[in-house]
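Welcome! Take a moment to turn the model around on your screen, and then let us walk through it together.

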Amino acid sequence: MKYQSLALPTAVKIAEIRQDNYRTKTFVLEAQLDAYPGQFVMAWLPRFDEKPFSLVNANPVTLMITNVGPFSRLMHEKQPGDRVWLRGPFGQGFQVPAAHKKVALVGGGYGVAPLYWLARTQIDQAAQVTAIIGARTAVDLLYAEHFATLPELVTCIATEDNTAGLSGRVTDALRPLLEEGVVDGIYACGPHGMLAALQKLGQQYGVPCQLSWEAYMRCGIGICGACEHEGHVLCLDGPVLK
Amino acid sequence: MTNISIDFLNFTFATPFVLASGIWGTTASLLERAARAGCGAVTAKSCGPGPRAGHVNPSCVDWGHGLLNAIGLANPGAAAEAELLANAKTQLASLGVPLIASIFAGTAEEFGVVARIVAQAKPDMLEVNISCPNVHSEFGEPFAGNPTSTAEVTAQVKQALVGTGIPVIVKLAPNVPSVARIARAAVEAGADALCAINTMPGLILDIESGQTILANRSGGLSGSMLKPIALKCVYDIHKACPTTPIIGTGGVTTGQDAIEMIMAGATTVGIGSAIYYRGPAAIQQIKAEMIAWLEAHQIADLNSLRSLAHHEPLFSTVPTGAPVPAAH
Ligand SMILES: Cc1cc2nc3c(=O)[nH]c(=O)nc-3n(C[C@H](O)[C@H](O)[C@H](O)COP(=O)(O)OP(=O)(O)OC[C@H]3O[C@@H](n4cnc5c(N)ncnc54)[C@H](O)[C@@H]3O)c2cc1C
Ligand SMILES: Cc1cc2nc3c(=O)[nH]c(=O)nc-3n(C[C@H](O)[C@H](O)[C@H](O)COP(=O)(O)O)c2cc1C
Ligand code: FES
């Protein structure tokens with residue numbers, strides 16, 4: 001089904017489920033939404049819970065879900081043909097100015113979800129894209145092989161324990177690129193610590209950042225104040241803040 | 001110059017718009033944002049005696065003709081809230097926008113305890129939420145459901161605030177047989193002002209699953225579908241307590257809605273769900289519409305419209321009226 005947006009949770013069938021790593025699955029759903037990279041949906045399992053997930057794609061709607069707790073565990077038990085309920089899309093995503101031709105996409109953990117979609121749109125716009133994917137250890141890496149298949153995109157992997165790619169954090173991989181001056185915009189999604197470090201790095205090198213922040217979300221429509229971050233309601237003003 | 005400033009208790013609000021409790025008011029920064037967005041006063045999210053996670057999601061949805069929420073009074077507890085309020089007070093002081101704290105509790109005595117803790121932050125006013133429809137199973141009927149419990153809570157809070165100079169606003173529920181009786185009970189027990197109304201109980205289902213959408217099953221309705229209910233309550237309360245200031249809240253989405261609320265007897269106007277329906281610029285838009293209407297009607301002072309609906313015109317004759325229906 002094709003929807004512009006969904007105000008109320010709406011039942012959607014799962015078409016396909018892919019195992020991405022030992023605790024992450026990608027769910028391709030039988031729905032299309034009018035959305036752009038960085039926006040999110042609220043996914044509901046009736047009488048259980050409702051949680052926010054970034055869109056990996058809007059046509060068809062695709063979500064990547066890491067099993068970290070009760071809701072994601074229940075999602076991991078689903079089979080193709082089962083249903084999940086969605087409302088959204090919500091929030092402000094990544095908006096790459098036409099002037100940014102050398103973009104660095106930095107993802108930590110399931111933060112790569114919106115960046116993979118952004119990478120594909122940027123390649124269409126003939127930008128020079130460097131994807132930096134970070135994880136604690138090699139088995140936690142997500143979508144590295146998907147990024148690798150994108151033409152004219154440089155993928156750079158960083159693991160904290162040196163089990164794949166560079167040894168260290170995403171900031172260690174990004175710093176030399178900033179030194180060289182080959183980045184005119186940083187686009188990132190991941191844990192708060194990583195985003196805070198990127199923000200500092202961006203300021204240091206005078207490179208603008210668009211960072212996707214996470215918070216506990218309730219209404220998803222900007223009124224309850226649950227997702228406040230530095231005076232912003234992240235579900236409406238964010239999750240991507242400039 | 002059209003005047004839209006309002007005297008409310010001992011304060012002058014630069015605009016008649018009061019940020020309703022539970023909309024944005026979870027942090028000092030968001031309260032400041034609402035003040036900068038054009039509110040004449042701002043109300044913080046209701047807080048109770050201890051930290052409270054609130055209900056599981058979905059806890060607030062747009063069901064097509066309004067919002068339905070059961071946030072479940074998520075709050076950090078009175079002690080942490082007092083810190084938040086103290087910070088907010090500092091940030092709001094330079095803007096000249098008064099801060100209204102909001103409290104709830106499980107017993108009348110506990111309302112007094114929470115009031116005392118919150119008062120340490122010296123909020124300009126204290127709103128007493130006796131009308132939240134989302135906590136029935138734990139706290140039984142809302143206190144706003146009958147005049148006796150309304151008076152008990154009001155008296156406890158008034159007593160707790162003796163010597164602080166903090167005025168008490170009691171927030172009433174719409175789903176009662178006579179809101180006027182409850183209003184009078186609150187005023188007789190010492191309420192300095194009233195806020196009407198809180199949300200109206202409601203419930204929606206998802207027919208694909210056959211289940212209620214809200215995790216709490218039922219919740220409170222808000223948004224423009226609530227406006228006629230709110231207007232009726234404000235109208236009745238003003239009639240019963242003509243000298244008591246009222247924050248008229250419920251469904252106000254446009255400048256015309258706000259004028260209607262004042263004509264029904266409200267002193268100031270609460271704004272909640274409109275911030276969803278029209279976005280964060282809602283208050284500025286409502287204000288601009290209000291001023292445009294006043295100017296088009298050459299009304300220099302908004303205050304001249306207060307309770308206009310209670311002053312009905314007199315005629316020298318009576319209308320013919322409808323005929324008695326004939327039996328066929
Ligand atoms: C805008 C937005 C977009 C999001 N997008 C995605 C997405 O695309 N994919 C996705 O899987 N999740 C995403 N999340 C997070 C997702 O909503 C939560 O992980 C969800 O709450 C899981 O619910 P649960 O009941 O399974 O676990 P809960 O019990 O609610 O949460 C488990 C806890 O585990 C923490 N946690 C533990 N390990 C990890 C880890 N390795 N990585 C992250 N958190 C960890 C979480 O922070 C959380 O506090 C997003 C969140 C937001 C706000
Ligand atoms: C998400 C949400 C949370 C609310 N939380 C509170 C609250 O904590 N305390 C309270 O007194 N009222 C609360 N309310 C009720 C509002 O303050 C207001 O009375 C009601 O929404 C009607 O006004 P509106 O139609 O302008 O939204 C809440 C309303 C909403 C929509
Ligand atoms: S979840 Fe963002 S304001 Fe409610």
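Which strand of chain A gives the largest share of the shell around ligand 1? It is strand 4 of chain A, with 5 residues. Please keep in mind as we go that this is a predicted model.

**Around the ligand**

There are 21 residues around ligand 1, and the ones that come nearest are A:Ser54, A:Gly69, A:Phe71, A:Ser72 and A:Ala113. Three elements of chain A give two or more residues to this shell: strand 4 (49–54), strand 6 (61–66) and helix 1 (70–76). Both domain 1 (6–90) and domain 2 (102–212) of chain A take part, each with at least three residues in the shell around ligand 1.

**Two domains in chain A**

The domain assignment splits chain A into domain 1 (6–90) and domain 2 (102–212). Taken over C-alpha atoms, the centres of domain 1 and domain 2 of chain A are separated by 24 Å. Where the two touch, 12 residues of domain 1 of chain A are in contact with 14 residues of domain 2 of chain A. On the domain 1 side, strand 1 (6–21) and strand 6 of chain A each supply at least two residues.

**Where the chains meet**

Now look across to the other chain: 29 residues of chain B are in contact with 21 residues of chain A. Helix 1 (28–36), strand 5 (60–62) and helix 9 (274–277) of chain B each bring at least two residues to the chain B side.

Here is how the residues divide by class in the three places visited so far.

| Place | Nonpolar | Polar | Charged |
|---|---|---|---|
| Shell around ligand 1 | 13 residues | 5 residues | 3 residues |
| Side of domain 1 of chain A that touches domain 2 of chain A | 5 residues | 6 residues | 1 residue |
| Side of chain B that touches chain A | 13 residues | 11 residues | 5 residues |

**The nonpolar core**

How many residues does the largest nonpolar core have? The count is 191, and the members with the most contacts inside this core are B:Val118, B:Leu126, B:Leu172, B:Leu194 and B:Ile271. Helix 2 (residues 112–124) of chain A gives the core its largest share, 7 residues. Domain 1 (6–90) and domain 2 (102–212) of chain A each contribute at least three residues to this core.

To see one core member up close, pick B:Leu126. Leaving aside neighbours within four places in sequence, B:Leu126 is in contact with several residues, including B:Ala101, B:Ile103, B:Val118, B:Leu161 and B:Ile169.

Key
Residues are numbered from 1 along each chain as its sequence is written. Chains are lettered from A and ligands numbered from 1 in the order in which they are written. This is a predicted model: local features need pLDDT of at least 70, side-chain atom pairs count only at pLDDT 80 or more; totals for chains, interfaces and linings use all residues. A residue is near a molecule or strand if its C-beta atom, placed from the backbone, lies within 6 Å of it. Helices (H or I, at least four residues) and strands (E, at least two) are DSSP runs, numbered from the N terminus. Ala, Val, Leu, Ile, Met, Phe, Trp, Tyr, Cys and Pro count as nonpolar, Asp, Glu, Lys and Arg as charged, and the others, Gly among them, as polar. Domain bounds come from an automatic or database domain assignment. A nonpolar core is a set of buried Ala, Val, Leu, Ile, Met, Phe, Trp, Tyr and Cys residues joined through C-beta atoms within 7 Å. A residue is buried if 20 or more other C-beta atoms lie within 10 Å of its own, exposed if 12 or fewer, and partly exposed in between; C-beta atoms are placed from the backbone. Two residues are in contact if their C-beta atoms, placed from the backbone, lie within 7 Å.
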